[in-house]
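Please open the model in your viewer and keep the selection panel at hand. The stops below say what to select next and what is there.

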Amino acid sequence: MSAAFECRELSKRYGGTVALGGVDLDVRAGELVGLLGPNGAGKSTLVKIACGLVRPTGGAAEVAGEPAGSGDARAAIGYLAELFRFPEWLRADELLSLHQRLAGSRGGADERRELLELVQLSDASGTRVGAMSKGMQQRLGIAQALIGNPRLLMLDEPTSALDPVGRRIVRDLLLELKRRGVAVLLNSHLLSEVERVCDRVAILVGGRVVARGSPAELAQTRGVEVELDGGVRQYPDATREQVPEIVAQLVAAGEQVYGVRVLSSTLEETYLEAVEAAS
Amino acid sequence: MSGALTIAGYALRESMRRRVFVVVLLLTVAFLALYAVGAKAAFDSIDAEAAGAAFNVDDQVLTGSTLLGLAMFTTLFLGCVLAVFLTLGAVRGDAERGLLQPLVVRPLGRTALLGGRFGAAAGVCGLYVAGVYAAATLITGWAGGWWPDDPIGPGVGLVAGVIIVAALSLLGSIFLSATANGIAVFMAFGAGLAAGLLGQIGDALDVNTLKNIAQIASWALPFEALYQGGLDSLTSGAEGTTAVIVQLGPFGGAQEAGPLLWPWTAAYLALLAAAARVAFARRDL
């Protein structure tokens with residue numbers, strides 16, 4: 001089975017500005033991949049190329065084995081833009097119905113009801129978009145993106161307007177989608193969210209991927225701390241595997257060892273280091 | 001095709017909810033009411049004075065065609081206002097507001113989206129113009145018992161004219177922000193009107209340069225030629241001094257539509273459609 005999303009040497013220039021400078025990335029079925037990066041790193045451009053909203057300058061991108069932007073590729077995508085707006089005069093149910101017709105979905109009222117339940121907006125099916133809070137609109141946007149059971153869900157800052165409860169709803173929703181085999185490309189500034197839900201993370205800076213891996217892989221070891229009689233002693237280059245040897249040497253030297261801690265960086269620290277190094 | 005129809009239905013509902021639609025409808029009601037009062041007063045006046053007979057002019061034809069010609073100009077203007085406001089932000093404006101992207105990502109395709117938007121705007125504006133023209137014609141007949149020699153042709157010309165304006169505005173919306181596009185299309189409308197007036201002066205004074213400017217403008221902006229052709233067919237049966245005077249017409253003068261006007265109108269719309277399709281396909285959103 002082809003990857004839900006795959007791009008090779010993908011590049012995009014806006015005049016003299018390089019938005020993407022040769023990006024390789026893939027998202028497999030049922031995988032949740034987070035895109036991190038500072039403003040202007042090229043995250044939204046990458047997502048827009050995948051959705052067919054922006055034409056790449058070079059390289060290739062495929063969605064479900066079809067060229068990004070083609071009708072078949074768009075049929076396999078669910079998308080929620082960072083800056084989106086729905087017509088304020090439409091009711092939630094009408095909006096989903098409109099997108100069902102555009103997506104060619106035959107799910108009917110059952111699909112709309114299920115999606116509104118999924119984003120916990122069942123009570124708002126008759127509410128006009130203009131009467132909804134930004135957070136409700138964002139959850140409605142996620143429901144809209146899920147119409148037609150897309151193979152790949154592209155979410156660009158989906159929790160930016162949500163309160164903690166709303167974020168929790170979206171986080172649970174993402175995990176549920178992953179369980180169902182939906183691939184998700186999540187573009188977010190909220191590192192803690194990404195760390196919690198994503199299988200893999202790619203950090204983009206200046207249109208290039210400067211780091212990638214699982215959150216655990218990216219969270220590098222930063223040495224070992226040992227608590228002794230005389231205080232805490234640090235071994236900045238030591239790894240987890242060296243801990244028994246260090247402790248044995250200390251005990252042999254007559255030290256009293258009260259505790260040992262393997263230090264590792266958070267995704268946030270890794271992210272900041274990667275951004276700093278790249279710039 | 002079904003995607004384009006869905007977009008057209010969506011755009012129709014959207015247009016009905018815009019304030020401009022209500023404003024245009026109110027203006028139309030006010031215009032038709034004033035037109036009825038004015039037409040009645042004008043026809044009553046010529047019945048009483050019968051001044052035209054001294055100059056071998058048919059007062060009724062002159063009054064009826066001039067009044068309906070003015071009504072046609074107003075109808076075209078209001079139709080253009082509607083066409084521009086329904087389409088001025090259809091692409092770039094909606095993209096900047098984030099309304100367009102969720103629709104474009106769907107598999108219907110950009111051409112179908114443009115087609116749907118154009119179909120809705122053309123349908124609304126065409127029906128509106130046809131309705132107002134028909135109402136003005138009926139009012140003129142009621143007020144003075146005068147009916148145009150060709151009652152259908154001028155209305156069809158106005159409908160085609162306003163459809164061209166909607167197509168121009170939709171094409172402009174791909175390149176320009178909503179405000180800039182609205183200004184540009186109204187300026188094009190004004191340029192067509194000015195060219196028509198220049199042609200009228202050129203005809204009266206027999207100045208070839210002015211006539212050429214008007215002719216080139218008519219090809220470049222065929223809504224003006226359609227309007228002038230409509231004016232001409234209002235009084236296609238008029239003769240003598242009456243015919244000479246009514247040919248001057250209001251706002252641009254009557255000009256007989258040549259055999260190429262309608263084929264050129266169709267080709268012009270096809271060119272606009274092709275240009276819009278190519279430009280929209282290449283536009284990053």
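## A tour by selection

Begin in chain B, with α7(B) and α8(B) selected together: these two helices cross in a right-handed sense. The model is a predicted one, and the values along the way should be read with that in mind. With residues 153-175 of chain B shown as α7 and residues 178-205 as α8, the two helices pack at an angle of about 145°, and their axes lie 9 Å apart. Now add side chains: from α7(B), select B:Val165, B:Leu168, B:Ser169, B:Gly172 and B:Ser173, which meet B:Asn181, B:Ala184, B:Val185, B:Ala188 and B:Phe189 of α8(B). By class, the residues of this contact divide into 6 nonpolar and 4 polar, with no charged residue. The spacing of such positions follows a general rule: an α-helix has 3.6 residues a turn, so residues three or four places apart point the same way.

Stay with α8(B) and follow the helix from end to end. α8(B) has 28 residues, and the span from its first C-alpha to its last is 40 Å, close to the 40 Å expected at 1.5 Å a residue. Just after the helix, select B:Asp206, whose phi is positive, at about 55°.

Move on within chain B to a second helix pair, residues 222-234 (α10) and residues 261-282 (α12), whose axes come within 10 Å and cross at roughly 150°. Because of that angle, α10(B) runs roughly antiparallel to α12(B). The crossing of α10(B) past α12(B) is left-handed. To see the contact, select B:Pro222, B:Ala225, B:Leu226 and B:Gly229 on α10(B), and then B:Leu261, B:Trp264, B:Thr265 and B:Tyr268 on α12(B). The residues of this contact are 6 nonpolar and 2 polar, with no charged residue.

Next, show both chains and turn to the place where they meet. How many residues does each chain give to the contact? Chain B contributes 19 residues and chain A contributes 23 residues. On the chain B side, the elements that give two or more residues are α1 (2-17) and α5 (101-104), and α1(B) gives the most, with 5 residues. Coloured by class, this side of chain B shows 9 nonpolar, 5 polar and 5 charged residues.

Then hide chain B and colour chain A by its domain assignment, which gives domain 1 (5-213) and domain 2 (219-278). Taken over C-alpha atoms, the centres of domain 1 and domain 2 of chain A are separated by 39 Å. Where the domains touch, 11 residues of domain 1 are in contact with 7 residues of domain 2. On the domain 1 side, the elements to highlight, each giving two or more residues, are α7 (191-197), β9 (200-205) and β10 (208-213) of chain A. This side of domain 1 divides into 9 nonpolar residues, 1 polar and 1 charged.

For the last stop, select α3 (residues 92-103) and α4 (residues 108-118) of chain A, which pack at an angle of about 120° with their axes 10 Å apart. That angle is why α3(A) counts as oblique to α4(A), and the crossing of the two is right-handed. Display A:Ala92, A:Asp93, A:Leu96, A:Ser97 and A:Gln100 on α3(A), together with A:Glu111, A:Arg112, A:Leu115 and A:Leu116 on α4(A), which make the contact. The contact of α3(A) with α4(A) has 4 nonpolar, 2 polar and 3 charged residues.

Key: Residues are numbered from 1 along each chain as its sequence is written. Chains are lettered from A and ligands numbered from 1 in the order in which they are written. This is a predicted model: local features need pLDDT of at least 70, side-chain atom pairs count only at pLDDT 80 or more; totals for chains, interfaces and linings use all residues. Two residues are in contact if their C-beta atoms, placed from the backbone, lie within 7 Å. Helices (H or I, at least four residues) and strands (E, at least two) are DSSP runs, numbered from the N terminus. Ala, Val, Leu, Ile, Met, Phe, Trp, Tyr, Cys and Pro count as nonpolar, Asp, Glu, Lys and Arg as charged, and the others, Gly among them, as polar. Axes are lines fitted to C-alpha atoms, for helices over the stretch in contact, and angles run from 0 to 180 degrees between N-to-C directions. A crossing is left-handed if the near helix is turned anticlockwise from the far one by less than a right angle, and right-handed if clockwise. Angles under 35 degrees count as roughly parallel, over 145 as roughly antiparallel, 65 to 115 as roughly perpendicular and the rest as oblique. The expected span of a helix is 1.5 Å times one less than its number of residues. Domain bounds come from an automatic or database domain assignment.
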